[in-house]
Amino acid sequence: MNSIEGSVGKLSGVTAVKVNLDSGTVSVEFNPSQVTIDKIKETIDDQGYDVQ
């Protein structure tokens, strides 16, 4: 899960990433004028995790 925090955290416009292993969720704070939710989902998917 650290790979998710690292890869999503590097995206321009992302200000915070928090992975919750117990619930299998990721919380992301971001500026929608700089990065889209689809780009964030794609980045998580590229790490090998399913995104719903």
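# Predicted chain with two helices and two strands

The residues lining the largest pocket divide into nine nonpolar, three polar and two charged, where Ala, Val, Leu, Ile, Met, Phe, Trp, Tyr, Cys and Pro count as nonpolar, Asp, Glu, Lys and Arg as charged, and the others, Gly among them, as polar. This is a predicted model, in which local features need pLDDT of at least 70 and side-chain atom pairs count only at pLDDT 80 or more, while totals for chains, interfaces and linings use all residues. Residues are numbered from 1 along each chain as its sequence is written, and side-chain values use heavy atoms, with hydrogens and water left out.

The secondary structure of the chain comes to two helices and two strands, taken as DSSP runs numbered from the N terminus (helices are H or I, at least four residues; strands are E, at least two). Read from the N terminus on, these elements follow the order α-β-β-α. The radius of gyration of the chain is 10 Å, close to the 10 Å that the globule rule gives for 52 residues, so the chain is as compact as a globular protein of that length; the radius is taken over C-alpha atoms, and the rule is 2.2 Å times the number of residues to the power 0.38. Along its principal axes, the C-alpha trace spans about 30 × 15 × 15 Å.

Strand β1 (residues 14–20) and strand β2 (residues 25–30) pair in the antiparallel sense over six bridges, pairing being assigned if DSSP finds at least two bridges between two strands. N20 stands opposite T25 in β2. The two strands, β1 and β2, form a hairpin with four residues between them, and G24 in this turn has a positive phi of about 70 degrees.

G24 returns in the description of the largest pocket, since this residue, together with V26, I44, D50 and V51, lies nearest the pocket centre among the 14 residues of the lining. A pocket is an open set of points on a 1 Å grid over the protein atoms alone where a 1.4 Å probe fits, with protein on both sides within 12 Å along at least five of seven lines, and lining residues have an atom within 4 Å of a point. About 280 Å³ of space lies in this pocket. Both β2 and α2 (37–46) supply at least two residues each to the lining, and α2 gives the most, with four residues.

Buried residues make up 23% of the 52 residues in the chain. The table sets out three individual residues, using a relative accessible area under 20% for buried, over 50% for exposed and anything in between for partly exposed (1.4 Å probe, protein chains only).

| Residue | Element | Relative accessible area | State |
|---|---|---|---|
| V14 | strand β1 | 13% | buried |
| E42 | helix α2 | 41% | partly exposed |
| T43 | helix α2 | 11% | buried |

Contact means heavy atoms within 4.5 Å. V14 touches V8, G9, V28, E29, F30, V35 and I40, not counting residues up to four places away in sequence. T43, leaving aside its neighbours within four places in sequence, is in contact with S7, V8 and L11. E42 and V8 are 34 residues apart in sequence, and their C-alpha atoms are 9.6 Å apart in space, whereas the C-alpha atoms of V14 and K41, 27 residues apart along the chain, are separated by 13 Å. Among contacts between residues at least 6 apart in sequence, 27% join residues at least 24 apart.

Technical notes:
Points joined across faces, edges and corners; volume = space filled by probe spheres on them.
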